[in-house]
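Work through the exercises below with the sequence and the structure open beside you. Try each task before you read its solution.

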Amino acid sequence: MDVLALYRQAGAYHEGHFLLASGRHSPKFLQSTTVLQYPHLTGKIAAAMAQKLTDAGVEASLLIGPAMGGVVLAYEVARHFGGDDVRAIFAEKDGQGGMKIREAFTVAPGEPFIAVEDVLTTGGSVLKAVRAAEAAGGKCAAIACIVDRRAVDGPLQGYPLVSLTRLVFDTYPPDEVPDWLAAIPLQEI
């Protein structure tokens with residue numbers, strides 16, 4: 001699957017000067033919400049992600065995504081991943097810099113789960129969702145994402161990582177933005 005082509009098709013691949021959620025600056029940005037608003041594209045992405053997880057031997061009865069961006073993705077991947085016993089939930093901000101799981105959702109002690117995210121730049125959001133599910137008693141079987149943007153390949157803080165593609169775009173901390181990028185008007189994401 002050519003993920004970048006799907007993003008371009010949906011008008012979700014942008015070039016300019018962007019302030020990412022991680023606080024870093026980048027000349028390129030992938031707007032997953034633009035892609036995920038189209039059920040036919042979301043279905044393709046979710047089916048491919050579910051297949052990669054299956055091919056990697058990942059087993060889980062629960063998928064979790066960080067709100068809001070991971071809600072639709074967790075649901076769709078769960079729909080393609082397993083049978084009637086697979087559930088999809090989300091973690092939301094707890095007001096203290098972390099995430100929590102609503103009381104209406106249950107995680108059984110030791111229940112294997114997969115945390116899903118659209119684009120990983122640092123992994124901060126998805127790791128907060130992982131910690132929330134672990135605090136509720138779950139055991140992370142894997143992290144899955146559409147695009148891995150991290151500069152370093154491999155697991156994410158010891159958790160197995162499955163991604164549909166790896167696209168490394170340059171990112172810069174705020175105090176190291178090159179002059180050519182600083183000359184372009186900043187767009188906050």
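**Exercise 1: a residue in a loop**

Gln157 lies in the loop between strand 7 and strand 8, where helices (H or I, at least four residues) and strands (E, at least two) are DSSP runs, numbered from the N terminus. This is a predicted model, in which local features need pLDDT of at least 70 and side-chain atom pairs count only at pLDDT 80 or more, while totals for chains, interfaces and linings use all residues. Residues are numbered from 1 along each chain as its sequence is written, and side-chain values use heavy atoms, with hydrogens and water left out.

Task: state whether Gln157 is buried or exposed, and find the sign of its phi.

Solution. Begin with the cut-offs: buried means under 20% relative accessible area, exposed means over 50%, and partly exposed is in between (1.4 Å probe, protein chains only). Gln157 has a relative accessible area of 57%, so it is exposed. Its phi is positive, about 50°, although Gln157 is not a glycine.

**Exercise 2: the small sheet**

Task: give the order of the strands in the open sheet of 3 strands, and explain why strand 2 and strand 9 stand at its edges.

Solution. Two strands pair if DSSP finds at least two bridges between them. Strand 1 (residues 13-19) and strand 2 run antiparallel and are joined by 5 bridges, whereas strand 1 and strand 9 run parallel and are joined by 2 bridges. The order is therefore 2-1-9, with mixed pairing. Strand 2 and strand 9 (187-188) each have a single partner strand, so one side of each lacks a neighbour in the sheet.

A single residue shows both pairings: Phe18 stands opposite Ser26 in strand 2, and its bridge partner in strand 9 is Gln187. The hairpin of strand 1 and strand 2 has 5 residues between the strands, and in this hairpin Gly23 takes a positive phi near 95°. Although strand 2 (residues 25-30) is an edge strand, 5 of its 6 residues are buried.

**Exercise 3: helix 3 and the core**

Task: check the length of helix 3, and find what covers its buried residues.

Solution. The expected span of a helix is 1.5 Å times one less than its number of residues. Helix 3 has 17 residues and should therefore span 24 Å, and its end C-alpha atoms are indeed 24 Å apart. Among its buried residues are Leu41, Ile45, Met49 and Leu53. An α-helix has 3.6 residues a turn, so residues three or four places apart point the same way. The cover over the buried residues of helix 3 includes helix 1, helix 2, helix 4, strand 6, strand 7 and strand 8.

The next step is the nonpolar core, a set of buried Ala, Val, Leu, Ile, Met, Phe, Trp, Tyr and Cys residues joined through side-chain atoms within 4.5 Å. The largest such core has 37 residues, of which Tyr7, Leu30, Met49, Leu53, Ile114 and Ile146 touch the most other members. Helix 3 gives the largest share of this core, 7 residues. A second, separate core of 21 residues includes Ile64, Val126, Ala133 and Cys145.

**Exercise 4: an annotated site**

Task: which residues does UniProt list for "binding site", and where do they lie with respect to the largest pocket?

Solution. The unreviewed UniProt entry lists Lys93, Glu117, Asp118, Val119, Leu120, Thr121, Thr122, Gly123, Gly124 and Ser125; such annotations may be inferred rather than shown by experiment. From this set, the lining of the largest pocket takes in Lys93, Glu117, Asp118, Val119, Leu120, Thr121, Thr122, Gly123, Gly124 and Ser125. On a 1 Å grid over the protein atoms alone, a pocket is an open set of points where a 1.4 Å probe fits, with protein on both sides within 12 Å along at least five of seven lines, and lining residues have an atom within 4 Å of a point.

Now take two of these residues in turn. Asp118 is in strand 6 and counts as buried because its relative accessibility is 15%. Leu120 is also found in strand 6, and at 0% relative accessibility Leu120 counts as buried. With contact meaning heavy atoms within 4.5 Å, and with neighbours within four places in sequence left aside, Asp118 is in contact with Ser32, Leu73, Cys145, Ile146 and Val147.
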